[in-house]
Amino acid sequence: MPKYEIALIGLSVMGQNLALNIAENHSIAVYNRTESKTKEFMEKKVKTENIKASYDLKDLLSSLTKPRKIMLMIKAGEPVDLVIESLLPYLENDDIIIDGGNSHFKDTNRRTKKLAEKGIRYLGVGISGGEYGALHGPSIMPGGNKEAYQEVEAILKDAAAKTEKGACVSYLGPDSAGHYVKMIHNGIEYGIMEITAEIYDYMRKVMALEPSQMSEIFAEWNQDFQSYLVEITAKILKKEDPQNGEKLINLILDKAKHKGTGKWSVQNALDLGVAVPTINAGVNARLLSALKTERVENSKEFHSPDRAKVENELIIPKLKSALYFASVIAYAEGFKLLQSASKEYNYQLNYQEIARIWEDGCIIRSAILEAIQKSFADNNNLNTLIKAEFFKDRLKAAGADLEEIFTTAALSELPLTALHAASDYFNSLKSENLPANLIQAQRDFFGAHTYQRRDKEGVFHTEWEA
């Protein structure tokens, strides 16, 4: 019987599509805990002999070339540990496990260490692009055992999205580097999605535009942005409900869910002492949206003002500037966090390469990433993107366009939490003096926490009521 190059466990839609993608160039054996799902996949989706179905783990592993390569496409958390435990009796020294799910990076570190003690090599691989990307070419973010990556590199490169610069996959670093980078990708995604949603909200509530009008605006903007999220926003706003012909966006309940990666980004940022207010605003906005019943009740208690009057033709370019400005800030926050994590966890990340593999196949791909690559090519130790030559003047000009948007939104009592957060982040980073001197004085007053002075070296404490 022929041996297969790689196995894939977990036939959700992502797993199925990735298996079909891999099978275009490599042989693959597949397995799912529920046999009926495997049979359905083989009967309805598979039209190649490059895919073999297995219905027990022993058969799955015995069908592979050595060292065996097993990719997991299953739900993060305990399910990953359970599958690994079930595989261990059949594994041999130097076999490779590839976790392609959204595992928490600390779980990846733990599994890497545990499996290394047993002679098993482990890769934590972030995969972005959704169901379409999994089938047609995602952005792939591998980390972990470098030798193991080299052995699966050809398979991952063939499966990844392609640009003129190459496949959108690159070895990122040891241990959990791949899953960490994917986590920050998703954090940036949360921020940009909220920014886009706030601009949509401004268009419908302040400008009184219809979805079809907004769709045309976003589609026109995307000629410059070349952004996946802007692109799909234009398509979403155009879509009609097939049953009643209404715009589908008007029928969707305003309660956004989250799977954890955005929250993990914010939690880790706090652990590392890195400010990510725009990304945090994206997480908080989803939490607030979940309070639908409470919000409806509250709306009855508070009078909504008449919307502010704006000249739509004049405000549209400013909204485009706002989208650009805040999107760049979301990227800047994400890369700042990557830099801090790289030092803390010894990932030795290449930020130019991260921006390159995000250029296609992933949710946050946009033209902005080309400029980010050039910025880090000039200086891989650039401490903030807002100082990059390409962005400095553009951010300053775009930031100036925010004033009318903020003013009219405030008059309309329209929350723009991510846009405000991005603006405040930018203004804080370019402020020579912040009011933290008062905070330090307060801390010293009530807790004797001491402070430093501008005019002399040392650490000081004052008896404030003496």
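**Exercise 1. The annotated domain**

Task: State which residues the annotation "domain: 6-phosphogluconate dehydrogenase C-terminal" covers, and describe the span 178–465 in terms of helix and strand content.

Solution. The UniProt record, an unreviewed entry, places this domain at residues 178–465. The structure shown is a predicted model. In this model the span is 65% helix and 0% strand. The C-alpha atoms at its two ends are 53 Å apart.

**Exercise 2. Helix 14 and its end**

Task: Determine how the reach of helix 14 compares with the expected value, and state what phi Asn346 takes.

Solution. Helix 14 runs through residues 312–345, which gives 34 residues. From the first C-alpha to the last, helix 14 reaches 48 Å. At 1.5 Å a residue, 50 Å is expected, and the value found is close to this. Asn346 follows just after the helix and has a positive phi of about 60°.

**Exercise 3. Two helix pairs**

Task: Classify the packing of helix 11 against helix 14, and that of helix 12 against helix 19.

Solution. Begin with helix 11, residues 261–272, whose axis comes within 11 Å of that of helix 14 and crosses it at roughly 60°. Helix 11 is therefore oblique to helix 14. The crossing of this pair is left-handed.

Turn next to helix 12 (residues 277–289) and helix 19 (residues 417–429), whose axes are 8 Å apart at an angle of about 165°. Angles over 145 degrees count as roughly antiparallel, so helix 12 and helix 19 are assigned to that class. Their crossing is right-handed.

**Exercise 4. Cysteines and disulfides**

Task: Explain why Cys168 and Cys362 do not form a bond with each other.

Solution. A disulfide is a covalent bond between the sulfur atoms of two cysteines. The cut-off applied is a sulfur pair within 2.5 Å. For Cys168, the closest cysteine sulfur belongs to Cys362 and lies 7.6 Å away, which is too far for a bond. Seen from Cys362, the closest cysteine sulfur is that of Cys168. Across the whole structure, the search finds zero disulfides. Cys168 is buried, at 0% relative accessible area, and Cys362 is also buried, at 3%.

**Exercise 5. The setting of Leu61**

Task: Decide whether Leu61 is buried or exposed, and give its separation from Leu87 in sequence and in space.

Solution. Leu61 belongs to helix 3, residues 57–62. Its relative accessible area is 1%. Buried means under 20%, so Leu61 is buried. Leu87 is 26 residues from Leu61 in sequence, while their C-alpha atoms are 8.7 Å apart in space.

Key. Residues are numbered from 1 along each chain as its sequence is written. This is a predicted model: local features need pLDDT of at least 70, side-chain atom pairs count only at pLDDT 80 or more; totals for chains, interfaces and linings use all residues. Side-chain values use heavy atoms; hydrogens and water are left out. Helices (H or I, at least four residues) and strands (E, at least two) are DSSP runs, numbered from the N terminus. The expected span of a helix is 1.5 Å times one less than its number of residues. Buried means under 20% relative accessible area, exposed over 50%, partly exposed in between (1.4 Å probe, protein chains only). UniProt positions are given in the numbering used here, feature names are shortened, and annotations may be inferred rather than shown by experiment. Axes are lines fitted to C-alpha atoms, for helices over the stretch in contact, and angles run from 0 to 180 degrees between N-to-C directions. Angles under 35 degrees count as roughly parallel, over 145 as roughly antiparallel, 65 to 115 as roughly perpendicular and the rest as oblique. A crossing is left-handed if the near helix is turned anticlockwise from the far one by less than a right angle, and right-handed if clockwise.
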